[in-house]
Amino acid sequence: MNCLIIDDESAARAIVEQLCKNEGSLQVIEQFSNAIQAIKYLNQNEIDLIFLDIHMPDFTGFDLIQTLKNPPRIILTTSDEKFAIDAFEYDCIVDYLVKPITLPRFIKAVEKAKKFKFNTAQNASPSNGEAKEEDKQLYINIDRRLIKIEIPSINVVEAKGDYILIKTQDKNYTVHSTLKKIEEKLPNDLFLKVHRSYIINLKRIVDIEDNSVLIEKDVIPVSRSNRSELMKRLNLL
Amino acid sequence: MNLEQPNLNYIKELSGGDVDFEQKMLSILKNELPTEIEVYEKNIENQDFKKVAEIVHKIKHKISILGLPKSHEFAVQFENELRNENMQKHESFLKLLKLMSNFLDKV
């Protein structure tokens with residue numbers, strides 16, 4: 001099995017690397033000290049197993065799992081026993097190792113990983129079957145940081161050349177992306193493209209005039225071709 | 001907690017005689033701990049509880065690597081207390097850091 005080690009502490013990475021060496025059947029392909037570099041790598045490479053630290057600055061191990069569409073098997077490594085319950089929320093998590101990790105416990109976890117079979121195609125989904133939290137969240141890349149946005153908090157998305165402006169209830173974000181890309185990520189029942197440059201959150205509509213719609217304090221143009229679809233989606237008296 | 005003495009048992013157990021690994025671990029500990037102590041002291045001075053808790057969290061693993069389970073438990077409590085803006089255990093924690101630091105200077 002090939003594996004990755006993700007941990008912000010160099011001592012922790014060195015220990016897991018040594019444990020892999022002692023175990024004998026694992027090949028450490030890469031090591032990362034932060035989650036964002038690891039996500040970029042995981043988007044382009046296939047990995048069988050990740051040893052993932054939970055407590056990392058800015059972006060936790062759980063945040064990382066939620067950004068991956070099909071996460072591989074994951075063994076969590078942590079100094080905190082308190083996150084164990086959260087770990088059971090994810091089908092891709094095989095085991096939970098509390099530091100300092102001993103070789104017998106490490107071997108046991110790796111054996112579990114080898115026998116592990118995924119329950120569903122949506123590995124990152126919380127296993128309790130409740131609303132999928134990751135479907136309510138969107139991660140945007142700004143200055144090499146992945147920032148989490150709660151999808152329902154988005155009011156409007158506006159196309160601005162090679163960028164899009166995402167206006168949420170608290171803050172605005174300018175992201176290098178296209179309206180088409182974000183449209184694919186937003187739920188159809190909540191969002192509608194009303195103009196070639198605008199997507200709106202239907203729940204944020206304050207009022208509608210002939211060719212515009214008021215979203216909170218922003219007047220958004222509605223193109224003629226999109227107006228009928230907008231009217232269909234409203235609960236008209 | 002004061003009865004415990006730092007040791008290399010855990011590192012040696014993992015190394016299985018791999019001297020390169022032992023040296024690598026010692027080099028990481030020797031390089032990082034003094035900087036972490038500085039950060040700890042600076043954040044204590046600034047009364048920045050959140051940052052103190054973060055650095056205690058980071059140092060915590062080194063405490064267990066040096067074979068100090070009771071001190072590790074003490075650090076866990078201290079980290080939790082810091083998140084509630086309580087730094088009563090600061091002096092004892094500082095003594096622990098000095099104990100670790102002196103040990104690393106000698107090995």
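**Close-up views of a predicted two-chain model**

In chain B of this predicted model, 57% of the contacts between residues at least 6 apart in sequence join residues at least 24 apart.

**View 1. Overall make-up of chains A and B.** Chain B has five helices and zero strands, and its elements follow the pattern α-α-α-α-α along the sequence. Of the 107 residues in chain B, 31% are buried. Chain A contains seven helices and 15 strands. Buried residues account for 32% of the 237 residues of chain A. For contacts in chain A between residues at least 6 apart in sequence, the share joining residues at least 24 apart is 50%.

**View 2. The largest nonpolar core and a second, separate core.** The largest nonpolar core comprises 58 residues. Those with the most contacts inside this core are Ile6(A), Ile15(A), Ile50(A), Phe51(A), Ile74(A), Ile75(A) and Val56(B). Ile15(A) touches Ile101(A) and Leu14(B), residues up to four places away in sequence being left out of the count. A second core, separate from the largest one, has 15 residues, among them Ile166(A), Tyr198(A), Ile200(A) and Ile215(A). In soluble globular proteins, nonpolar side chains tend to be buried together.

**View 3. Strand S1 of chain A and its two pairings.** Strand S1(A) covers residues 2-6, and four of its five residues are buried. S1(A) runs parallel to strand S2(A), residues 27-32, and five bridges join the two. Within this pairing, Gln31(A) of S2(A) is the bridge partner of Ile5(A). S1(A) also pairs with S3(A), again in the parallel sense, over four bridges. Here Phe51(A) in S3(A) is the residue that stands opposite Ile5(A). Ile5(A) is thus shown with a partner in S2(A) and with a partner in S3(A). Phe51(A) also belongs to the group with the most contacts inside the largest nonpolar core.

**View 4. Helix H1 of chain A within a β-α-β unit.** S1(A), H1(A) and S2(A) form a β-α-β unit that is right-handed. The 14 residues of H1(A), at 1.5 Å a residue, should span 20 Å, and this agrees with the 20 Å that separates its end C-alpha atoms. The buried residues of H1(A) are Ala11(A), Ala12(A), Arg13(A), Ala14(A), Ile15(A), Val16(A), Gln18(A), Leu19(A) and Cys20(A). One of them, Ile15(A), is in contact with Leu14(B) of the other chain. After H1(A) comes Gly24(A), which has a positive phi near 100°.

**View 5. Helix H5 of chain A and its buried face.** H5(A) consists of the 13 residues 103-115, for which a rise of 1.5 Å a residue predicts a span of 18 Å; the end C-alpha atoms are 19 Å apart, in agreement. Phe106(A), Ala109(A), Val110(A) and Ala113(A) are the buried residues of H5(A). Viewed down the helix axis, the buried residues of H5(A) fall within an arc of 100° and therefore line one face of the helix. Exposed residues Pro104(A) and Lys115(A) are carried on the face of H5(A) turned away from its buried side. The cover over the buried residues of H5(A) includes, from chain A, helix H1 (10-23) and strands S3 (49-53), S4 (73-78) and S5 (93-98).

**View 6. Surroundings of Ile166(A) in strand S9.** Ile166(A) is found in strand S9(A), residues 163-168, and is included in the second nonpolar core. This residue counts as buried because 22 other C-beta atoms lie within 10 Å, the threshold being 20 or more. Apart from neighbours within four places in sequence, Ile166(A) is in contact with Ile140(A), Ile149(A), Ile154(A), Val157(A), Asn172(A), Tyr173(A) and Val175(A). Of these contacts, Ile149(A) is 17 residues away from Ile166(A) in sequence, and the C-alpha atoms of the pair are 9.7 Å apart.

**View 7. Surroundings of Asn226(A) in helix H7.** Asn226(A) lies in helix H7(A), residues 224-233. With 16 other C-beta atoms within 10 Å, Asn226(A) is partly exposed. When residues up to four places away in sequence are not counted, Asn226(A) touches Lys193(A), Val194(A) and His195(A). Asn226(A) and Lys193(A) are 33 residues apart along the chain, while a distance of 7.4 Å separates their C-alpha atoms.

Conventions. Residues are numbered from 1 along each chain as its sequence is written. Chains are lettered from A and ligands numbered from 1 in the order in which they are written. This is a predicted model: local features need pLDDT of at least 70, side-chain atom pairs count only at pLDDT 80 or more; totals for chains, interfaces and linings use all residues. A nonpolar core is a set of buried Ala, Val, Leu, Ile, Met, Phe, Trp, Tyr and Cys residues joined through C-beta atoms within 7 Å. A residue is buried if 20 or more other C-beta atoms lie within 10 Å of its own, exposed if 12 or fewer, and partly exposed in between; C-beta atoms are placed from the backbone. Two residues are in contact if their C-beta atoms, placed from the backbone, lie within 7 Å. The expected span of a helix is 1.5 Å times one less than its number of residues. The arc is that of the directions from the helix axis to the C-beta atoms. Two strands pair if DSSP finds at least two bridges between them. A crossover is right-handed if, with the strands pointing away from the viewer, the path from the first strand over the helix to the second runs clockwise.
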